[in-house]
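Colleague: I would like a close look at one part of this model, taken slowly. Please choose the part yourself, and spell out the cut-offs as you go.

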Amino acid sequence: APDNAEAHFSLGVIYEAQHNFTEALGCYKRAADIDPNKREYKEAVTLVAKKAVIKEQDDGKKLELRLLAENASGAYRRGEFISALDLYKQLDRKAPNQALVKYNIATIYLAMKSPVQALDFFRQARKLKPEEPNYQKAVAQLEGNLQTEETERLNSERAWQNQNQNNNNNQNQNQNNNQNSSRNQNFNQQPNQGNQQRNSNNNSNSNGNGLLGGDKNAPPPSAA
């Protein structure tokens, strides 16, 4: 009834239960206008007015988050990974406990060849929603891949070090061989030089006119 305050109030209660605070507020106001002396109507108007403001703010935030998610998803589908990552991180700051957002960030990092960062966000998603099998699988698979890559890297590094050590050993061995060969050559040359020097001295003594040598056919010295 148009002038039945109780009827408007009852309808307001139904709208409020449905979280339709705008319609509920209108019903409570009409009830309070019809019967302004009833305290219950005024209190209902004040309470639902606050709820309506909060819901409006919440709806606005949800709309903002939905638009961010749509834009981020569109950027990812177009292959614009940097843009998608930035949008999803904005979404993550505004809604920090959303497992799906964490998972999507991890997926983008993986597409950008950044597996360590990807694993961090996969783990965050799994922590927020441990019962989700996709999150469990993503963490286990990426951990296995990183462990395999690390093992291969260490093996390759050890192989390189061993090869480098072998090269150094061979180089040192060659240097030692060269030094030994040089010393042997010098040692062999020294006796030959000594023999040549002795022969030279003998020839000098045989041909000279010194006290111990001299020409056998030379005449004896004349007496003074």
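Modeller: Happy to. Helices and strands here are DSSP runs numbered from the N terminus, with codes H or I over at least four residues for a helix and E over at least two for a strand. This is a predicted model, in which local features need pLDDT of at least 70 and side-chain atom pairs count only at pLDDT 80 or more, while totals for chains, interfaces and linings use all residues. Residues are numbered from 1 along each chain as its sequence is written, and side-chain values use heavy atoms, leaving out hydrogens and water.

For orientation, the chain has seven helices and zero strands. Of its 224 residues, 21% are buried, where buried means under 20% relative accessible area, exposed means over 50%, and partly exposed lies in between (1.4 Å probe, protein chains only).

My choice is helix 3, residues 39–77. Its 39 residues reach 57 Å from the first C-alpha to the last, close to the 57 Å expected at 1.5 Å a residue; the expected span is 1.5 Å times one less than the number of residues. Along helix 3, the buried residues are Tyr41, Ala44, Val45, Val48, Ala52, Leu65, Leu68, Ala72, Gly74 and Ala75. They pack against helix 1 (5–17), helix 2 (21–34) and helix 4 (81–94), with contact meaning heavy atoms within 4.5 Å.

Now for the charged side chains. A salt bridge is a side-chain nitrogen of Lys or Arg within 4 Å of a carboxyl oxygen of Asp or Glu, and by this rule the count comes to 10. In one of them, lysine 55 meets aspartate 59 at 2.9 Å, N to O. These two are four residues apart in helix 3, which means that about one helical turn separates them. An α-helix has 3.6 residues a turn, so residues three or four places apart point the same way. Lysine 55 is partly exposed at 30% relative accessible area, and aspartate 59 is also partly exposed, at 35%.

Another pair joins lysine 62 to aspartate 58, at 3.4 Å from N to O. Lysine 62 and aspartate 58 are likewise four residues apart in helix 3, about one helical turn. Lysine 62 has a relative accessible area of 48% and aspartate 58 one of 34%, which makes it partly exposed.

A further salt bridge reaches out of the helix: lysine 94 pairs with glutamate 64, their closest N and O atoms being 3.1 Å apart. Since lysine 94 belongs to helix 4 and glutamate 64 to helix 3, this pair ties together parts 30 residues apart in sequence. Lysine 94 is partly exposed at 33%, as is glutamate 64 at 37%.

What follows the helix? Helix 3 is followed by glycine 79, whose phi is positive, near 80 degrees. Most residues other than glycine have a negative phi. Two residues that are not glycine are worth setting beside glycine 79. Histidine 19, in the loop between helix 1 and helix 2, has a positive phi of about 60 degrees. Lysine 113, in the loop between helix 5 (99–111) and helix 6, has a phi near 60 degrees, also positive. Lysine 113 counts as exposed, with 73% relative accessibility.
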